[in-house]
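Q: I'd like a close look at one part of this model, the strand that you'd pick as the best way in. Walk me through its surroundings, then work outwards to the rest of the chain.

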Amino acid sequence: MSRRRLPPLSALRAFEAAARHESAKQAAEELSVTATAISHQIRALEESLGVALFVRKPRQLELTMAGRELQQVLESAFDSIGAAVERLSATPSRQAITLSTTPAVAVRWLLSWVCMLRDSHPNIDLRIHASHEPVALDGVTADIAIRYGDGRWPGLVAEKLFDNTFVPACSPLLELHEAADLPRHTLIHFRNQAAISSPMDWAVWQKQAQVPGLDVSAGLVFSDETHAVSAAVGAQGVALMSRQLIEDELREGRLVQPFGPELEGKPFFLVYPESRRNDPTILAVREWIMAVPGGLCSL
């Protein structure tokens with residue numbers, strides 16, 4: 001690309017302002033310089049172009065034909081530059097925020113509703129950190145989290161989202177109706193070694209149910225809750241799952257809860273640093289999560 005042949009911008013600005021006001025004095029006031037400086041800039045521009053831009057009259061500047069042509073071009077160009085600057089200045093800066101939660105909560109509850117956050121806050125870039133192990137909400141690893149627990153985390157705001165009730169669940173194809181028939185079916189287990197506190201498991205359930213002949217150590221074992229749910233939907237066995245995370249399958253009949261007992265696990269909470277309680281990005285993500293169907297806000 002060839003190099004542009006342009007006079008100094010300061011000279012062009014001085015000329016455009018003087019042409020608009022038809023006065024070197026008023027142009028000087030607009031640009032916060034002296035009238036003498038405006039006159040010098042215009043004369044330098046005329047010498048550079050080799051044409052006269054003004055007919056100088058007492059107390060007035062009158063544009064020549066060449067001056068009028070240049071004034072129209074500069075007015076359009078400066079208007080375009082000003083409009084572009086205004087648009088760019090009005091564009092909100094993008095904000096990235098990392099939300100930490102369990103893989104099951106991310107996949108089975110939040111991801112279907114990310115569009116709500118994108119529609120209401122298009123300048124926020126959401127990053128999902130899926131882990132069973134709580135991570136530091138230090139603004140580096142994560143900023144905000146959904147955790148299950150007792151709601152007491154020092155230095156963090158904790159707002160309850162929903163309960164965590166564990167129930168036996170299986171495909172209706174198994175035609176399982178009585179707990180006494182459970183030993184004839186495969187148990188589906190979810191075990192994740194990274195979790196510092198395990199969710200309810202079949203051993204805990206059996207202590208209440210006391211089903212004769214049930215071997216709670218046998219069966220299929222998954223390290224991912226979503227895989228355990230898929231196996232249950234596929235009639236591969238009976239899973240002990242959080243009812244709140246399989247509501248869609250229960251409602252649509254792909255899974256059924258054949259019997260009890262039900263076990264109350266630790267609730268899920270939205271947590272974020274107390275020091276960031278009024279952070280606009282935190283508040284935007286909080287507002288989105290509180291509006292996601294299935295949480296406490298919709299109960």
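A: Let's settle the vocabulary: two strands pair if DSSP finds at least two bridges between them. Strands (E, at least two residues) and helices (H or I, at least four) are DSSP runs, counted from the N terminus. This is a predicted model, with local features needing pLDDT of at least 70 and side-chain atom pairs counted only at pLDDT 80 or more, while totals for chains, interfaces and linings use all residues. Numbering starts from 1 along each chain as its sequence is written, and side-chain values use heavy atoms, leaving out hydrogens and water.

My pick is strand 8, residues 187-190. Look at its two faces: L187 and H189 sit on one side, I188 and F190 on the other, and all of them are buried (under 20% relative accessible area with a 1.4 Å probe, protein chains only; exposed is over 50%, and partly exposed is in between). So both faces of this strand are covered.

Now for the neighbours. Strand 8 runs parallel to strand 9 (residues 220-222), joined by 3 bridges, and F190 has F222 of strand 9 as its bridge partner. Strand 8 also pairs with strand 10 (residues 238-242), again in the parallel sense, over 2 bridges. There, L187 stands opposite V238.

Step back a little and you'll see an open sheet of 5 strands in the order 9-8-10-7-11, with mixed pairing. Strand 9 and strand 11 are the edges, each pairing on one side only. The antiparallel sense shows up between strand 7 and strand 10, which pair over 4 bridges; F166 has S242 in strand 10 as its bridge partner.

The loops around this sheet have a few backbone oddities. As background, most residues other than glycine have a negative phi, and most peptide bonds are trans. E175, in the loop between strand 7 (165-169) and strand 8, has a positive phi of about 55° although it is not a glycine. E175 is exposed, at 63% relative accessible area. A235, in the loop between helix 8 (225-233) and strand 10, also has a positive phi, near 65°. At 23% relative accessibility, A235 counts as partly exposed. Then there's the cis peptide bond joining G260 and P261, with omega at about 5°. P261 lies in the loop between helix 9 (247-252) and strand 11 (263-264).

What about the packing elsewhere? The largest nonpolar core (buried Ala, Val, Leu, Ile, Met, Phe, Trp, Tyr and Cys residues joined through side-chain atoms within 4.5 Å) has 26 residues, and W109, I146, W288 and I289 have the most contacts inside it. Elements supplying at least two residues each include strand 3 (95-101), helix 5 (103-110), strand 5 (144-148) and helix 10 (280-291). Helix 10 gives the most, with 6 residues. Taking a contact as heavy atoms within 4.5 Å, W288 touches L99, L110, W113, V114, M116, L117 and L126, leaving aside residues up to four places away in sequence. Apart from that core lies another, of 20 residues, with A18, A19, A28 and L31 among them. Back at helix 5, 6 of its 8 residues are buried: P103, A104, V105, A106, W109 and L110.

There's also an annotated stretch to keep in view. UniProt's unreviewed entry places "domain: HTH lysR-type" at residues 7-64; such annotations may be inferred rather than shown by experiment. Over residues 7-64 the chain is 62% helix and 14% strand, with the end C-alpha atoms 19 Å apart.

Finally, the whole chain: it has 10 helices and 12 strands. Its radius of gyration is 35 Å, well over the 19 Å that the globule rule gives for 299 residues, so the chain is more spread out than a compact globule (the radius is taken over C-alpha atoms, and the rule is 2.2 Å times the number of residues to the power 0.38). The C-alpha trace spans about 110 × 40 × 35 Å along its principal axes. Of the 299 residues, 39% count as buried. Among contacts between residues at least 6 apart in sequence, 75% join residues at least 24 apart.
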